[in-house]
Amino acid sequence: MIFRILADAVLVLHLAFILLVIFGGLLVLRWPKVAWIHLPVATWGALIEFMDWRCPLTPLEKSLRRLSGEAGYEGGFIEHYLLPLIYPGALTPTVQVMLGLGVILINTAIYGYIFYRSRRSTS
């Protein structure tokens, strides 16, 4: 029972991490110091997609699921939980590059706006 709870906690943490990667720049609009956390997190998230690396939270969750008596699952967190919601097909290298580019584009736009806004307020 405890391993299933821990696996579910890792799942929630993993989802929160992904949301921070994608939308953390919005937090920076309100709290600029969050950029010190968000920029490395967003960089790591994009690198995972570009380099086809496995996030360490994925094997941790799978291991906890096996310890709880569940079979676990094939692939990574994104392939198992998110892609079926976003894309009906399988994760391909092209989709991974698109996800990485999406992270960069979203956050470049947000940080560009923050920079523009700060330049206007100091002028």
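1. Start with Trp 44. Its relative accessible area is 34%, so Trp 44 is partly exposed. Keep in mind that everything here comes from a predicted model.

2. Trp 44 also has a ring partner. If you search the whole structure for aromatic pairs, you get one. In that pair, the ring centres of Trp 44 and Trp 53 sit 5.7 Å apart and the planes make an angle of 40 degrees, so the pair is tilted. The tilted class covers planes that are neither under 30 degrees apart nor over 60.

3. What about the partner, Trp 53? You'll find Trp 53 in the loop between H2 and helix H3 (57-67). Why does Trp 53 count as partly exposed? Because its relative accessible area is 39%, and partly exposed is the band between buried, under 20%, and exposed, over 50%.

4. Both tryptophans belong to a nonpolar patch on the surface, along with Leu 47, Phe 50, Met 51, Val 97, Met 98, Leu 101, Ile 104 and Leu 105. Together the patch residues have about 890 Å² of accessible area. Which helices supply at least two residues each? Those are H2 (35-51) and H5 (93-122). The largest share, five residues, comes from H5.

5. Now look at Gly 100, which lies in helix H5. Gly 100 is buried, because its relative accessible area is 0%, and the cut-off for buried is under 20%. Which residues does Gly 100 touch, once neighbours within four places in sequence are left aside? They are Ala 46, Glu 49 and Phe 50. For Phe 50, the C-alpha to C-alpha separation from Gly 100 is 6.0 Å, although the two are 50 residues apart along the chain. Phe 50 is one of the patch residues too, so it's worth having both in view when you turn the model around.

6. On to helix H3. Its buried residues are Leu 57, Thr 58, Glu 61, Lys 62, Leu 64 and Arg 65. Looking down the axis of H3, you see these buried residues fall within an arc of 165 degrees, so they line one face of the helix. As background, an α-helix has 3.6 residues a turn, so residues three or four places apart point the same way.

7. One last backbone detail, just after H3: Gly 69 takes a positive phi there, of about 100 degrees.

Key. Residues numbered from 1 in each chain as written. Predicted model: local features only at pLDDT ≥ 70, side-chain atom pairs only at ≥ 80, totals over all residues. Heavy atoms only, no water. Patch = residues over 30% accessible without salt bridge, like charges linked within 9 Å, V, L, I, M, F, W, Y side chains within 5 Å. Areas by Shrake-Rupley, 256 points an atom, 1.4 Å probe, with all protein chains shown as cover. Salt bridge = Lys/Arg side-chain N within 4 Å of Asp/Glu carboxyl O. Helix = DSSP H or I, 4+ residues; strand = E, 2+ residues; numbered from the N terminus. Buried < 20%, exposed > 50% of the residue type's maximum accessible area, 1.4 Å probe, protein only. Phe/Tyr/Trp six-rings, centres within 6.5 Å; stacked < 30°, edge-to-face > 60°. Contact = heavy atoms within 4.5 Å. Arc of directions from axis to C-beta.
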